[in-house]
Amino acid sequence: MTPGGPVAMPSPPQAPAAPDPAGTIIAVLLIGPAGAGKTSVAKYWADHRRVPTAHISLDDVREWVRSGFADPQSGWNDHSEAQYRLARRTCGFAARNFLANGISCILDDAVFPDRPVVGLGGWKRHVGPGLLPVVLLPGLDIVLERNAERSGNRRLTDEEVARIHGRMAGWYGSGLPIIDNSQLDIPETARILDDVLARAIASPPQW
């Protein structure tokens, strides 16, 4: 610079880059009622990431038990609760193992806001405090329509679907991010999930 010459204006400070969930090793818990589309969205999201990602479904793991399976639809009791807890511990162990080996994971489960046994505390304990929970909560008419397309023990009665959906509304006001995917297809929901996760990575929710 020439002495006495004009002084260049300093460049404005660079804004910190927004977190990129597509390239970050993370663990996500996708919560929602039966028929919310948790499994479909979780699989699509896992399939389209730039880093290795696993999908772990609590229902799939519970159904590893064949003879002696305690189906919660037949009534929630000590037996079904014990199998649920076992499946959640198994999912947590798998998630920690994947993360330790550089593989992200997305888990899905119908976690109830008013039921400590199947609440978030167990997931945090088994996966770790870095777990990012997101609620998928479409309208009741949508979950009834999707439930009607199911078969076997995954299909619930309309009354049960409505009861579960009503309890899931308790997540509003919880501080957890909620995606209403009533009018969204799976790719759109996965894109919004990435946006939600970017914000959660930058400012993790308190739960």
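Biologist: Which parts of the structure cover the buried residues of H3?

Modeller: Keep in mind that this is a predicted model. What covers the buried residues of H3 includes strand E2 (53-57), helix H2 (58-62), E3 and H4.

Biologist: Which residues of H3 are buried?

Modeller: Start with the general idea. An α-helix has 3.6 residues a turn, so residues three or four places apart point the same way. Now to the case here: in H3 the buried residues are Ser80, Glu81, Gln83, Tyr84, Ala87, Arg88, Cys91, Gly92 and Ala95.

Biologist: How should I read the span of helix H3?

Modeller: Take a rise of 1.5 Å a residue and work out what the helix should span. H3 runs over residues 78-100, 23 residues, so 33 Å is expected, and its end C-alpha atoms are indeed 33 Å apart.

Biologist: What can I look for at the start of H3, and just after H3?

Modeller: At the start, look at Asn77: one of its side-chain oxygens comes to within 3.0 Å of the backbone nitrogen of His79. Just after the helix, check the backbone angles, where Gly102 has a positive phi of about 75°.

Biologist: Turning to E2, why is this strand described as largely enclosed?

Modeller: Count its buried residues. Four of the five residues of E2 are buried, so the rest of the structure largely encloses this strand.

Biologist: In which sense do E2 and E3 pair, parallel or antiparallel?

Modeller: Parallel, over five bridges. For a place to look, find Ser57, which stands opposite Asp108 in E3.

Biologist: And after E3, where is Asp114 found?

Modeller: Asp114 is in the loop between strand E3 (104-109) and helix H4 (120-127). Try comparing sequence with space at this spot: Asp114 and Gly170 are 56 residues apart along the chain, yet their C-alpha atoms are separated by 7.4 Å. The side chain of Asp114 also makes a polar contact of 3.1 Å with that of Arg167.

Biologist: What else does Arg167 lie over?

Modeller: The face of Phe112, with 4.1 Å to the ring centre. As for rings pairing with each other, a search of the whole structure finds zero aromatic pairs.

Biologist: How many helices and strands does the protein chain have?

Modeller: Seven helices and five strands, and along the sequence they follow the pattern β-α-β-α-α-β-α-β-α-α-β-α. Of the 207 residues in the protein chain, 41% are buried. Lastly, for contacts with a separation of 6 or more, residues 24 or more positions apart account for 79%.

Terms used. Residues are numbered from 1 along each chain as its sequence is written. This is a predicted model: local features need pLDDT of at least 70, side-chain atom pairs count only at pLDDT 80 or more; totals for chains, interfaces and linings use all residues. Side-chain values use heavy atoms; hydrogens and water are left out. Helices (H or I, at least four residues) and strands (E, at least two) are DSSP runs, numbered from the N terminus. A polar contact is a pair of N or O atoms within 3.5 Å; within protein, one must be able to donate a hydrogen and the other to accept it, and residues adjacent in sequence count only if both atoms are side-chain atoms. The expected span of a helix is 1.5 Å times one less than its number of residues. Buried means under 20% relative accessible area, exposed over 50%, partly exposed in between (1.4 Å probe, protein chains only). Contact means heavy atoms within 4.5 Å. Two strands pair if DSSP finds at least two bridges between them. Rings of Phe, Tyr and Trp (its six-membered ring) pair if their centres lie within 6.5 Å; planes under 30 degrees apart count as stacked, over 60 as edge-to-face and the rest as tilted. A charge sits over a ring if NZ of Lys or CZ of Arg is within 6 Å of the ring centre and within 35 degrees of the ring normal.
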